[in-house]
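Please walk through the structure shown below, with attention to its internal spaces, its surface and a few individual residues.

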Amino acid sequence: MPIKSFLFSSVPNILYELGSSVKVGAIAKKLGCKSVVVVTDPGLRRLGLTDTVVEGIERQGLRASVYDKVVEDPPEAIVKELIEFCKSNDGDGVVGVGGGSSMDAAKLAAFMCGDTKQQISEIYGVDFTVGRRLPLIQVPTTAGTGSEVTNISVITTGVAEKKGVVGPQLYADYAVLDGDLTVTVPPKVTAATGIDAMVHAIEAYTSKIKKNVLSDVLAKEALKLLSQNIKRACEDGADREARGSMLLGSLYAGMAFANSPCAAVHALAYPIGSHFHVPHGLSNSLMLPHVLRFTGENPTAGGLYRDLTPIIFPTMASVRGNSVSVLADGYAQLAQDLAIPTCLEEVGIQEKDLELLSTEASKIERLLQNNMREVTLQDAFDLYSKALRN
C-alpha cells in the first residue's frame, strides 16, 4: 500500500536528561536572551520546582522574572496579564515551567510579545498567527499534555468556553525534559495526566483527516512507554527511570497529535473541565472507555484500536483477544486500579447537567471532525449518560 503524503512539524531541539532543568539558562543565553520571563503556577513555585530554572538563568548573568499566577484552564484575563508582565519586565525570552496550562500561556506570551500587531482575539483558530515570537523554552513538570512539543494553546474565554490558538510560531525552540521535576507529582495527578498522554496517542493513531505514518510510529512508541510505566510512577514517585519514561512517552504522544489531531474524547472532555473545573487529564479518562466503544463500531477505527490493544494491555489481550471491548475495559480497570474517579457523578456532575455538556461539546468541531465516527448532539448526550455512573 502506498504511503499517504503528509507534512510533519515539531520543535527543533529536545533535551532529555535527568537534572537538565539547570541548563535552561545556558540555552536561553544561546538564544540571545537577556531578560527571561518564567511562566508557572503558584503551587509549583511554592514547591521550589522553578528554583533550578531560575538559578540556571541567573548563573548565566541573565535576568529572571517569574510570573506565577497561571491556573488550570487559564482564562484570557490571566494570559493578558502575563503579556503585560512580560512587556513591563522587558522580557526578550519566555520559559514555560509546569503542566499544559503554564506552557500554553507561555506560548501565547512569547508570540504576543514578539513583533505581531495582532490582538489576542484575532488569533483564535488555526493559522491566524502573523509575526515572529520571542525565544521560547518549555519545561514540563507533568507527563501528560505534551504541550512542550505542540503548536497549540488552549485557554478559557468568557465564562467557560475554551478556544484554541494553532500556529507554527507556537512551537518552542527547545523542549527540556527533566524527570526529576516530576517526582513530587501526587499519584492521582500522575495517573490522570498519564492517561491524558495515552489518549493523545490513541486519538493521533485514529485521527480521520491527518493520520500519518510518522505520527503512527510515535503514537505506538508512546503507548508502550506509558503503559509500561504508569503504575510504576504512581506506586513510587521517586522512581526516576519510570518518571523519565513517562515524560518521554508524553512527548512522543504530543509530537504525534500535533500532526494528527485529537478527536471526540477531547471534545467531550473540554466542557467537563471548563464548567466543572475537573482537571483535563481526568476529564479525558472519564470519557475514554465510552468513546472507544462508540467510535470502535466504525470498521476502520475498530481495526486500528485492535492494533493498539496488545501494546497497551498485553496480558489482558493474551487472554481475551484484541477486541475494542478489551481496550475499553482495560482503561476502565486501569482508572480503578489507579484510584481515580471512574464516572461523572464522582466529580459532581448530575443528570441535569448532561444537556449543557452535550451542547458545549457539539460546538467543538475543530476536534469532532477528526473522529472516525460522526458524533451528533444525541450521540454526545448518550456518551455522557453512559459515563454518568458505573
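Is Leu170 buried or exposed? In this predicted model, Leu170 has a relative accessible area of 1%, and since the cut-off for a buried residue is under 20%, Leu170 is buried. Its place in the chain is the loop that runs between strand E8 and strand E9, the latter covering residues 174-177. Leu170 can also be set against Gly56: 114 residues separate the two in sequence, and their C-alpha atoms are 24 Å apart in space.

Strand E8, which comes before that loop, also takes part in a pocket. The second largest pocket has a volume of about 310 Å³. Two or more of its lining residues come from each of strand E8 (161-166), helix H9 (264-276) and helix H15 (365-368). The lining has 17 residues, and those nearest the centre of the pocket are Glu161, Lys162, Lys163, Lys363 and Ile364. Sorted by class, the lining of this pocket consists of seven charged, six nonpolar and four polar residues.

Next come the enclosed spaces. How many cavities of 30 Å³ or more are there? The count is two. The largest cavity has a volume of about 60 Å³, and the second largest has a volume of about 40 Å³.

The lining of the largest cavity is made up of Thr142, Ala143, Thr182, Val185, Thr190, Thr193, Arg243 and Met246. Helix H6, residues 187-205, supplies at least two of these lining residues, and so does helix H8, residues 240-259. In terms of class, four residues of the lining are polar, three are nonpolar and one is charged.

Helix H6 appears again at the second largest cavity, where H6 and helix H10 (280-295) each give at least two residues to the lining. Which residues line the second largest cavity? They are Ile202, Glu203, Thr206, Ala263, Val265, Val291, Leu292, Tyr305 and Asn371. Here the classes are six nonpolar, two polar and one charged.

From the interior, the account turns to the surface. Ile3, Phe6, Val213 and Leu214 form a nonpolar patch there, and their accessible area together is about 350 Å². One of these residues, Val213, belongs to helix H7, which spans residues 213-235. Val213 has a relative accessible area of 36%, so it is classed as partly exposed. That value also satisfies the patch criterion, because a patch takes residues with over 30% relative accessible area.

The last topic is backbone geometry. Most residues other than glycine have a negative phi. Asp73 is not a glycine, yet its phi is positive, at about 50°. Asp73 sits in the loop between strand E3 (63-67) and helix H4 (76-88). With a relative accessible area of 14%, Asp73 is buried.

A positive phi is also found at Asp90, where the value is near 55°. Asp90 is in the loop that links helix H4 to strand E4, residues 93-98. Is Asp90 buried or exposed? Its relative accessible area is 57%, and therefore Asp90 counts as exposed. Helix H4 thus has a loop with a positive-phi aspartate on either side: Asp73 in the loop from strand E3, and Asp90 in the loop to strand E4. Of these two residues, Asp73 is buried, whereas Asp90 is exposed.

Technical notes: Residues are numbered from 1 along each chain as its sequence is written. This is a predicted model: local features need pLDDT of at least 70, side-chain atom pairs count only at pLDDT 80 or more; totals for chains, interfaces and linings use all residues. Side-chain values use heavy atoms; hydrogens and water are left out. On a 1 Å grid over the protein atoms alone, a cavity is a set of points where a 1.4 Å probe fits but cannot get out, and a pocket is an open set with protein on both sides within 12 Å along at least five of seven lines; lining residues have an atom within 4 Å of a point. Grid points are joined across faces, edges and corners, and a volume is the space filled by probe spheres set on the points. Helices (H or I, at least four residues) and strands (E, at least two) are DSSP runs, numbered from the N terminus. Ala, Val, Leu, Ile, Met, Phe, Trp, Tyr, Cys and Pro count as nonpolar, Asp, Glu, Lys and Arg as charged, and the others, Gly among them, as polar. Patches are made of residues with over 30% relative accessible area and no salt bridge: like charges are joined within 9 Å, nonpolar side chains (Val, Leu, Ile, Met, Phe, Trp, Tyr) within 5 Å. Accessible areas come from the Shrake-Rupley method with a 1.4 Å probe; for residues, only the protein chains shown count as cover. A salt bridge is a side-chain nitrogen of Lys or Arg within 4 Å of a carboxyl oxygen of Asp or Glu. Buried means under 20% relative accessible area, exposed over 50%, partly exposed in between (1.4 Å probe, protein chains only).
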